[in-house]
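Student: I would like a close look at a single part of this model, with its surroundings described afterwards.

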Amino acid sequence: MPANPLARIRVVLVSASHPGNIGAVARGMANMGLADLRLVAPLRHPTAEATARAAGAPVLEEAVVHADLAGAIAPCSLVVAATARRRAARWPVMTPRSAAAALAAHAMGGGEAAVVFGPEQSGLSNADLNAAHALIHIPVNPDFASVNLAGAALLVAYELRLAVCGAGEPAALAPSPAAEPPPATAEQVRGFHLHLEAVMRDSGFLRHKQPDALLRKIHLLFQRARLTAEEINILRGILSAVEKKGANHHPE
């Protein structure tokens with residue numbers, strides 16, 4: 001188990017529009033022992049307001065800025081996204097506590113993980129959610145369901161700390177079986193889906209009236225499977241063989 005499993009869990013803010021929220025998230029992360037903050041295309045960064053709200057937390061100074069979500073989660077093999085809306089597609093939905101338990105167990109087993117938050121006004125798009133293995137939904141009062149970004153991030157960070165540290169001591173957890181292969185990273189999964197989509201289009205299969213909806217269903221199918229890196233290589237090998245066969249095919 002890593003000396004500090006929390007170091008393997010990154011918090012990702014996608015298109016955060018309010019600098020104060022960025023600073024407050026950094027402060028909350030430092031409070032709970034999280035240190036890896038990733039900012040995807042923030043509206044403004046760095047700012048004096050974020051620095052003031054961070055209250056000296058080094059998390060803000062060390063935050064890494066990415067152009068897109070794919071880059072921010074590339075090495076992660078477990079991605080959980082926070083959302084306030086119920087979605088038609090069937091992503092698994094977890095509470096902050098159950099999500100924290102899954103993220104902590106993954107990190108304790110040596111995996112890299114990410115929890116992703118979307119823009120304050122609109123939340124994460126379906127395209128961004130395609131990278132998630134599960135969603136976090138906070139069971140708030142339905143009569144007043146608006147949760148501030150910094151508040152939601154602090155709640156999840158608190159649950160992560162409890163899941164990893166319990167009452168201040170490292171949590172005991174049986175080590176993962178040595179023979180169990182590691183899950184594929186987000187970068188590997190994205191490469192597979194791009195390859196699969198290309199083959200589907202070239203083969204003429206993707207002639208659906210709503211191709212985006214079909215692709216999303218296929219994406220969710222493979223997300224539920226939690227593919228390993230080896231399985232990704234096998235599937236891409238099959239796709240490459242199909243491409244080669246198509247290139248060599250000469251109709252009589």
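Which residues of helix 9 are buried?

Tutor: The model is predicted. In helix 9, the buried residues are L214, L215, I218, H219, L220, F222 and Q223. Helix 9 covers residues 211-225, and its 15 residues should span 21 Å at 1.5 Å a residue; the end C-alpha atoms are 21 Å apart, so the expected and the computed span agree. Just past the end of helix 9 comes R226, with a positive phi of about 50 degrees.

The buried residues of helix 9 have two helices as packing partners: helix 8, residues 186-203, and helix 10, residues 229-248.

Helix 8 can be described in the same terms. It holds 18 residues, and the distance from its first C-alpha to its last is 26 Å, close to the 26 Å expected at 1.5 Å a residue. Its buried residues are A186, V189, G191, F192, H193, H195, L196, V199 and M200. The cover over these buried residues of helix 8 includes helix 9 and helix 10, and also helix 4, residues 69-73. After helix 8 comes G204, and its phi is positive as well, near 85 degrees.

Two residues in contact with H66 are G71 and A72. H66 itself belongs to strand 3, residues 64-66. Its relative accessible area is 15%, and the cut-off for buried is under 20%, so H66 counts as buried. Leaving aside neighbours within four places in sequence, the other contacts of H66 are R38, L39, V40 and A41.

For the setting of these parts, the protein chain has 10 helices and 7 strands. Of its 252 residues, 44% are buried. Among contacts with a separation of 6 or more, 83% join residues 24 or more positions apart. The radius of gyration is 20 Å, where a compact globule of 252 residues would have a value near 18 Å, so the two agree. The C-alpha trace spans about 75 × 40 × 35 Å along its principal axes.

As for the surface, the protein chain exposes about 13,500 Å², of which carbon and sulfur atoms supply 56%. There are 23 positive and 20 negative charges, and their mean positions lie 6 Å apart.

Note on methods. Residues numbered from 1 in each chain as written. Predicted model: local features only at pLDDT ≥ 70, side-chain atom pairs only at ≥ 80, totals over all residues. Heavy atoms only, no water. Helix = DSSP H or I, 4+ residues; strand = E, 2+ residues; numbered from the N terminus. Rg over C-alpha atoms; globule rule 2.2 N^0.38 Å. Buried < 20%, exposed > 50% of the residue type's maximum accessible area, 1.4 Å probe, protein only. Contact = heavy atoms within 4.5 Å. Areas by Shrake-Rupley, 256 points an atom, 1.4 Å probe, with all protein chains shown as cover. Lys, Arg positive; Asp, Glu negative; His and termini not counted. Charge placed at Lys NZ, Arg CZ, Asp CG, Glu CD. Expected span 1.5 Å × (residues − 1).
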